[in-house]
Amino acid sequence: RTKLLLDRLVTESPVLLLGSLAAITYWLDAQIQPPAARVDGSSRHDPDLFVEKFRAISFDVEGRPRQTLTAQRAEHFPDDKTIALKGLGLSMTDPDRAPLSIFADRGIVSGDRETMSLEGNVRGVREAEPAKAGQPRDGSGRVKLSTEYLRVVPKKGLAETDRPVTIEEPRGIIHGVGMILDNDARTFKLKSAVRGTFQPNTPPK
C-alpha cells in the first residue's frame, strides 16, 4: 500500500510541476525582448533592461487566462543573456485539470534558454482534481512540493536538486534529500534519507 501511494504521489504531482516550469523559459523570450547588444568592450555583469512588477498573461482562443507569470523584478544581462527573476510566481489554469501554482524567491533563466534555476523557498501547489462530468471526485486532494533549489531542463523534461525535498498530499507526506525527476519517462527518484508517513485508505461504507 505504501508503494502504491508513493507511485500516486510521483505520477500526479512532481511531473505536473515540471511541465509548468517549462512554460516559463519559452514565455520569457516573447515577453522580455532586450535591446540590441552594444559592443563596448564591457564585460561587467550589469543588466541592460529591467521590469518592475512584471506580469504576463496568456489566453486561450476563447479569451480565458491560462498562464500568469509574475515577478517583483525581471532583469536581462547582456554579457551572458541570462534573465533574473525576483519574487516569481507562475499560475496555470485549465478547465480539465487542477489549478497549479509555482513560487520561488529567485529564478535564473540561462542565456540559451535551456535551463532554469529556482532558488529560495521553492514551492509548487497543485489543487484538488476537479470532478469529471457524471463521475464522483476521485479523492485526489491538494499536493504540495517544497525545496530550496530546483534546476529545470525543460526540453529534456528533467528537474533535479541536491537539497531536501518534501511532497505532501492529504493521505501522506514524503521527505528526502536530492531528487531527480524525468517528466518524459514519468520517473521520480529521491536520492537519500527517504522517509514518509501515510494514512491508510478508508474503506467505502
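How many salt bridges does a search of the whole structure find? The search turns up 6 of them, a salt bridge being a side-chain nitrogen of Lys or Arg within 4 Å of a carboxyl oxygen of Asp or Glu. Before we look at some of these, a word on what you have in front of you. This is a predicted model, where local features need pLDDT of at least 70 and side-chain atom pairs count only at pLDDT 80 or more, while totals for chains, interfaces and linings use all residues. Residues are numbered from 1 along each chain as its sequence is written, and side-chain values use heavy atoms, with hydrogens and water left out.

Let's start with arginine 73. One of its partners is glutamate 52, and the closest N and O atoms of this salt bridge are 2.3 Å apart. Glutamate 52 sits in strand β1 and arginine 73 in strand β2, so their salt bridge ties together parts that are 21 residues apart in sequence. Strands here are DSSP runs of E with at least two residues, helices are runs of H or I with at least four, and both are numbered from the N terminus.

Arginine 73 also forms a salt bridge with glutamate 75, this time with 2.5 Å between the closest N and O atoms. Put the pieces together and you get a network of salt bridges linking Glu52, Arg73 and Glu75.

How do these three sit relative to the surface? Arginine 73 is buried at 19% relative accessibility, and glutamate 75 is buried too, at 10%. Glutamate 52, in contrast, is partly exposed at 44%. The cut-offs are simple: buried is under 20% relative accessible area, exposed is over 50%, and partly exposed is in between, using a 1.4 Å probe and protein chains only.

Further along the chain, arginine 151 pairs with glutamate 160 in another salt bridge, and here the closest N and O atoms are 3.2 Å apart. Arginine 151 is partly exposed, with a relative accessibility of 30%, and glutamate 160 is partly exposed as well, at 32%.

Now for a couple of backbone oddities. Most residues other than glycine have a negative phi. Lysine 53 has a positive one, near 50°. You'll find lysine 53 in strand β1, which covers residues 49–59, and the residue is exposed, with a relative accessible area of 75%. Lysine 81 is not a glycine either, yet its phi is positive at about 65°. To spot lysine 81, look in the loop between β2 (65–77) and β3 (82–94).
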